[in-house]
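Subject: Structure handover

Hello,

Here is the structure I promised to pass on. Please open it beside this email, and my notes will follow.

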Amino acid sequence: MRAVIAPSPGGPDSLVIADLPDLEPGPGEVVLDVVASAVNRADTLQRMGFYPPPPGASDVLGLECSGTVRSVGADVTGWSVGDEACALLAGGGYAEQVLVPAGQLMRVPAGVPLATAAALPEVASTVWSNVFMIANLQPGELFLVHGGAGGIGTFAIQAAAALGARVFTTAGTPEKQQLCLDLGAERAINYRDEDFVQVVSEAGGADVVLDNMGAKYLGPNVRALATEGRLVIIGMQGGIKAELDIAALLGKRGAVIATSLRSRPVAEKAAICRAVEEHVWPLVEAGRIKPMVQAEFSLDEVAAAHALMDAGEHSGKILLRT
Ligand SMILES: NC(=O)c1ccc[n+]([C@@H]2O[C@H](COP(=O)([O-])OP(=O)(O)OC[C@H]3O[C@@H](n4cnc5c(N)ncnc54)[C@H](OP(=O)(O)O)[C@@H]3O)[C@@H](O)[C@H]2O)c1
């Protein structure tokens with residue numbers, strides 16, 4: 001089977017399509033014939049050598065995919081050869097076949113084309129686990145999501161708005177701000193020329209912040225929190241080390257949380273996938289959350305797909321068809 005690997009750190013052209021042996025499922029595993037995968041920022045970091053796969057994960061890139069069940073290992077119930085599914089992966093999605101712990105398979109939401117479903121597992125699992133399971137966002141609360149026009153952002157805006165939160169977001173161009181408003185944001189702040197702390201504070205402060213910037217926004221995010229606000233950091237696009245004003249956090253009785261989905265144990269990922277099927281897929285099926293796919297590439301065009309993400313000009317998700 002053909003699969004994309006990053007044998008040496010570098011730019012998009014360092015990616016290589018390798019010929020690897022067909023996959024066989026072990027106990028509790030399923031092999032999918034992959035129809036599509038999607039590009040995540042973690043994949044570009046892995047390509048550059050900054051984010052190696054966790055122990056035991058495939059060297060093949062790709063944190064999510066959709067496809068049909070090719071073979072089923074011992075002890076797997078509920079899945080049969082030929083079933084359509086999408087999957088949350090620790091790696092291996094940019095390939096014609098992928099090995100998946102059965103708990104990380106999800107049914108394809110009704111009405112979503114099988115290939116498009118590849119764009120959902122990572123954003124749905126990340127947003128649901130962080131914003132709702134960990135930060136416990138409630139209807140009527142103010143939710144600030146940074147990077148509202150990105151893959152995570154476009155999903156988070158729609159999910160939070162559908163569940164009754166007030167959504168504020170940041171974006172880098174007027175076009176992207178407009179997209180965020182169209183998706184349900186009450187306010188889209190241009191992070192290049194507006195002060196999000198001021199805008200959010202004037203609205204009462206953020207009960208929950210979903211942050212992709214890390215160090216650069218730690219101080220401003222804490223200042224933007226409401227009393228008992230929860231800041232969840234999921235990205236480090238603005239660096240990894242910063243000072244925390246504990247007095248400011250203490251005065252607000254605030255919480256700062258940071259999580260990584262990829263390294264969580266299989267059982268935790270399975271629990272998140274069940275919660276996504278139960279709580280998020282109905283919103284997708286009702287049209288309240290639309291999968292946002294901006295561009296599609298073939299496996300042979302994987303370098304162009306990565307170049308598009310590196311340029312940062314995309315909105316929503318970038319699909320890779322196998
Ligand atoms: N921890 C986890 O488990 C986990 C899981 C999934 C994703 N992530 C992380 O979540 C982040 C978003 O992922 P993604 O797939 O949505 O990537 P993406 O589609 O590339 O989006 C990146 C976003 O960053 C925004 N951005 C850039 N500079 C900014 C700034 N100064 N202020 C505010 N926003 C800024 C961009 O906004 P514009 O395009 O408007 O400039 C864009 O929306 C990444 O850092 C990724 O690594 C973490």
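UniProt lists residues 10-320 as "domain: Enoyl reductase (ER)", and the entry is unreviewed. Keep in mind that this is a predicted model. The span 10-320 is 31% helix and 25% strand. Its end C-alpha atoms lie 20 Å apart.

**The ligand**

Start with the ligand. There are 24 residues around it. Arg41, Lys176, Tyr191, Tyr217 and Gln237 come nearest. Sorted by type, the shell has eight nonpolar, 13 polar and three charged residues. Some elements supply at least two shell residues each: α2 (121-134), α3 (151-162) and β9 (166-171).

Which polar side-chain atom lies 2.7 Å from an oxygen atom of the ligand? It belongs to glutamine 237, a residue that is also among those nearest to the ligand. Histidine 314 also brings a polar side-chain atom, at 2.9 Å from a ligand oxygen. Isoleucine 152 uses its backbone instead: a polar backbone atom there is 2.7 Å from an oxygen atom of the ligand. How much of the ligand does the protein cover? On its own, the ligand has 920 Å² of accessible area, and the protein covers 89% of that.

**The second largest pocket**

Next, look at the second largest pocket. It holds about 460 Å³ of space. Its lining counts 26 residues. Nearest the centre are Gly56, Ala57, Ser58, Gly91 and Leu99. Two elements give two or more residues to this lining, β6 (97-101) and α8 (266-285). β6 gives the largest share, four residues. By type, the lining has 15 nonpolar, seven polar and four charged residues.

**The cavity**

Last, the closed space. Rolling a probe the size of a water molecule over the atoms shows where empty space is left. How many cavities of 30 Å³ or more are there? The count comes to one. The largest cavity has a volume of about 50 Å³.

Which element gives the largest share of its lining? That is α3, with four residues. Remember that α3 also supplies at least two residues of the shell around the ligand. To find the cavity on your screen, select these lining residues:

- Ala119, Leu120 and Val123
- Gly151, Thr154, Phe155 and Gln158
- Lys290, Pro291, Met292 and Lys317

Six residues of this lining are nonpolar, three are polar and two are charged.

That is the handover. Work through the ligand, then the pocket, then the cavity. Send me your questions when you have them.

Best wishes

Conventions:
Residues are numbered from 1 along each chain as its sequence is written. This is a predicted model: local features need pLDDT of at least 70, side-chain atom pairs count only at pLDDT 80 or more; totals for chains, interfaces and linings use all residues. Side-chain values use heavy atoms; hydrogens and water are left out. On a 1 Å grid over the protein atoms alone, a cavity is a set of points where a 1.4 Å probe fits but cannot get out, and a pocket is an open set with protein on both sides within 12 Å along at least five of seven lines; lining residues have an atom within 4 Å of a point. Grid points are joined across faces, edges and corners, and a volume is the space filled by probe spheres set on the points. Ala, Val, Leu, Ile, Met, Phe, Trp, Tyr, Cys and Pro count as nonpolar, Asp, Glu, Lys and Arg as charged, and the others, Gly among them, as polar. UniProt positions are given in the numbering used here, feature names are shortened, and annotations may be inferred rather than shown by experiment. A residue is near a molecule or strand if one of its heavy atoms lies within 4 Å of it. A polar contact is a pair of N or O atoms within 3.5 Å; within protein, one must be able to donate a hydrogen and the other to accept it, and residues adjacent in sequence count only if both atoms are side-chain atoms. Accessible areas come from the Shrake-Rupley method with a 1.4 Å probe; for residues, only the protein chains shown count as cover.
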